[in-house]
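Trainee: Got a minute to look at a model with me? I'd like to talk it through piece by piece.
Mentor: Sure, put it up and ask away.

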Amino acid sequence: MGARPLLNRRLDGHGTTIFAEMSALATATGSINLGQGFPDTDGPEEVREAAVRALRDGRGNQYPPGPGVPELRTAIAEHQQRFYGLTYDPDTEILVTAGATEAIAAALLALLEPGDEVIAFEPFYDSYAACIAMAGATRVPLTLRAPSFRPDLDELRALITPRTRLLLINTPHNPTGLVLDPTELAAIADLAIEHDLLVVTDEVYEHLVFDGAHHPIAALPGMRERTVSISSAGKTFSFTGWKVGWVTGAPELVTAVRTAKQYLTYVSAGPFQYAVAEALRLPDSYFDGFRADLLHKRDLLTDGLAAAGFRVFRPAGTYFITTDITPLGEKDGIEFCRSLPERCGVVAIPNAVFYDNADAGQSLVRFTFCKRDDVLGEAVSRLQQL
Ligand SMILES: Cc1ncc(COP(=O)(O)O)c(C=O)c1O
């Protein structure tokens, strides 16, 4: 095959995801996996039953329509109206995707030219860097620093150049648990308008805000026409394996994203789309109960990690906790996470892999708390051995 590497240079450095490595380690060592963010109990029974009914009734067993089944697009429109007062036309302003992951990929592949710059908060969710690279664009990190992880908006302004095309934001933010407040969102919106930038916003944890509230940036004046909003059923309804996500935005933006999306998966998850349509219409008691349950788990793991000697940054949202291992006499999160399964049978994720400026995240380690209380309790007692 000659000397040329098989993997193209855009994907160089984007080898196996850390989640694959750490989940394999969890299996090999029989450890408790607090690495990857997937719940260990399934979502609501009635939503599962809705999927079974769709399968049995032959709804979605063949290619669904490219933009998503009308029932789901209507339910997404109702959800945006109900929770945020945002109005979207199900026919022209909503696109169903294979999870938020495909929505992110399609948005970046559609909206970026090679050479464009994308400013994104680091630590970043790992698919952002890979998708920006696949689009041939350049990522420009805005580093969120402990202990508050709040973005420095002067720094953001200074990062904008004539090549900047897009701001990629994520609130609630994985892995820090940061929830952008209205002042920060307004400042980001002002910069986007002033410099005529597009905004892609990943809001998959929109229903997991414990302190404050979730505010979609698309709701701010002047933002609707330049914002692609992304969310997903995986996190909100605890069906991460179904991979049903969506994009909302102005018709021209959604058309552009759909153009890329149709050549990625074309369509996916037919019967599950009908089930998610029902899930989105669940009463407020579901959404309140889900958040209350996860809030209790947040506090359980926060207290446990603090008792085990970690410095804990209590997250305002998401189902992740970022910690600092320095008080344990450790400094390298990657080494720490590789040895943790052997040392005490728990798997976590080193935040350093989510940074370009790895120094900023070197001693930080992420744990997820979307697990059963007994599993969290056992993990905490194992971590006490440190
Ligand atoms: C910030 C963020 N965006 C997107 C995703 C992926 O969402 P989905 O499973 O719907 O593709 C995740 C999953 O962990 C995430 O944390």
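Trainee: Which residues of α9 are exposed?
Mentor: Glu 252 and Thr 259 are exposed, on the other side of α9 from its buried residues. Exposed here is 12 or fewer other C-beta atoms within 10 Å of the residue's own, buried is 20 or more, and partly exposed is in between, with C-beta atoms placed from the backbone. Keep in mind that this is a predicted model, where local features need pLDDT of at least 70 and side-chain atom pairs count only at pLDDT 80 or more, while totals for chains, interfaces and linings use all residues. Residues are numbered from 1 along each chain as its sequence is written.

Trainee: And which ones in α9 are buried?
Mentor: Leu 253, Val 254, Val 257 and Lys 261 are the buried residues of this helix, which covers residues 251-261. Seen down the axis of α9, they fall within an arc of 95 degrees, so they line one face of the helix. The arc is that of the directions from the helix axis to the C-beta atoms.

Trainee: Why would a helix do that?
Mentor: An α-helix has 3.6 residues a turn, so residues three or four places apart point the same way.

Trainee: What do the buried residues of α9 pack against?
Mentor: Against α4 and three strands: β2 (94-98), β7 (227-232) and β8 (244-248). A contact is two C-beta atoms, placed from the backbone, within 7 Å. Helices (H or I, at least four residues) and strands (E, at least two) are DSSP runs, numbered from the N terminus.

Trainee: Switching to the ligand, how many residues surround it?
Mentor: There are 14, and the closest are Gly 99, Ala 100, Thr 101, Asn 174 and Ser 232. To be near, a residue needs its C-beta atom, placed from the backbone, within 6 Å. Helix α4 (residues 99-111) gives the largest share of that shell, three residues.

Trainee: Any sheets? Which strands form the open one?
Mentor: Four strands, in the order β9-β10-β13-β12, with antiparallel pairing. Strands pair if DSSP finds at least two bridges between them. β9 (311-313) and β12 (349-350) are at the edges with a single partner strand each, so one side of each is left without a neighbour in the sheet.

Trainee: How many bridges link β9 and β10?
Mentor: Three, in the antiparallel sense, with β10 at residues 320-324. Arg 311 has Asp 324 in β10 as its bridge partner.

Trainee: Last one: how much of the protein is buried?
Mentor: Of the 386 residues, 48% count as buried. The whole protein has 14 helices and 13 strands.
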